[in-house]
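The following questions and answers concern a single structural model. Please consult the sequence and the coordinates alongside the text.

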Amino acid sequence: MTQDCLFCKISKGEIPSKKVYEDDEFFAFHDINPAAPVHILVIPKKHVVSMQHVTEHDAEWLGRLMVLAAKIAQENGCNPGHEGGFRLVTNSGIEGGQEIFHLHLHILGGTRPWSNRAAPAA
Ligand code: 5GP
Ligand code: ZN
């Protein structure tokens, strides 16, 4: 927990959010300013700043985070199958477009068509 971190406070319930999922390790909630019909953020409860701050020691929980995000996407309105799908985005650092410095995955879904740009709308 970093004292002034918004997402730490959200994951502890100190600041309200529209919760989608919670377990001992992770917390998921709807983005307050959705960039797509489905826009959910998935975060580790422990404070990690960004993908710029992870090492090989983080590989196992990062793997669990990815698997969980895919499950949450499919259970929360992202259209199924090859014609459906979703995008997982993690903005990292200033030049990566990050605004909240607690690592998070954006689940973006329900938008068709996506532009072919690699950069997300989020
Ligand atoms: P970033 O640019 O850091 O990747 O994305 C931060 C995201 O957090 C943005 O999509 C923004 O809308 C979302 N966000 C910022 N403040 C809040 C908040 O207080 N509650 C929720 N639910 N989302 C927030
Ligand atoms: Zn934090």
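Q: Which residues does Ile-72 touch, not counting residues up to four places away in sequence?
A: The model is a predicted one, in which local features need pLDDT of at least 70 and side-chain atom pairs count only at pLDDT 80 or more, while totals for chains, interfaces and linings use all residues. Residues are numbered from 1 along each chain as its sequence is written, chains are lettered from A and ligands numbered from 1 in the order in which they are written, and side-chain values use heavy atoms, with hydrogens and water left out. With contact taken as heavy atoms within 4.5 Å, the residues that Ile-72 touches are Val-20, Tyr-21, Ala-28, Ile-40, Val-42 and Ile-107.

Q: Which element gives the most residues to the largest nonpolar core?
A: A nonpolar core is a set of buried Ala, Val, Leu, Ile, Met, Phe, Trp, Tyr and Cys residues joined through side-chain atoms within 4.5 Å; buried means under 20% relative accessible area, exposed over 50% and partly exposed in between, with a 1.4 Å probe and protein chains only. The largest such core has 17 residues, and Ile-40, Val-42, Trp-61, Leu-65, Ile-72 and Ile-107 touch the most other members. Two or more residues come from each of β2 (26–30), β3, α2 and β5 (105–109), elements being DSSP runs numbered from the N terminus (helices H or I, at least four residues; strands E, at least two). The most, 7 residues, come from α2.

Q: What is the geometry of the site of the zinc ion (ligand 2)?
A: Donors are N, O and S atoms within 2.8 Å of the metal (3.2 Å for Na, K and Ca), and water is not among the atoms, so sites may look incomplete. The protein donors here are Cys-5 (SG), Cys-8 (SG), His-47 (ND1) and His-102 (ND1), at 2.0 to 2.3 Å from the ion. Four donors count as tetrahedral if all angles lie between 85 and 135 degrees. The angles among the 4 donor atoms are 105 to 116°, and the site is tetrahedral.

Q: How many residues apart in sequence are the parts that Cys-5 and His-47 tie together?
A: The donor residues of the zinc ion (ligand 2) follow the spacing C-x2-C-x38-H-x54-H. Cys-5 lies in the segment before α1 (6–11) and His-47 in the loop between β3 (38–44) and α2 (59–75), so the parts tied together by this pair are separated in sequence by 42 residues.

Q: Which residue has a polar side-chain atom 2.5 Å from an oxygen atom of ligand 1?
A: Ligand 1 is surrounded by 16 residues (a heavy atom within 4 Å), the closest being Asp-31, Glu-99, Ile-100, His-104 and His-106. A polar side-chain atom of His-104 is 2.8 Å from an oxygen atom of the ligand, and a polar backbone atom of Gly-97 is 3.1 Å from one. At 2.5 Å, the residue is Asp-31.

Q: Is Gln-98 buried or exposed?
A: Gln-98 lies in the loop between β4 (86–89) and β5. Its side chain reaches the backbone oxygen of Ile-100 at 2.9 Å, and a polar atom of that side chain is 3.0 Å from the backbone oxygen of Val-49. Setting aside neighbours within four places in sequence, Gln-98 contacts Val-49, Ser-50, Asn-91, Ser-92, Gly-93 and His-104. With a relative accessibility of 5%, Gln-98 is buried.

Methods: Tetrahedral: all angles 85-135°; square planar, octahedral: opposite > 155°, others 65-115°. Polar contact = N/O pair within 3.5 Å; in protein donor to acceptor, adjacent residues only side chain to side chain.
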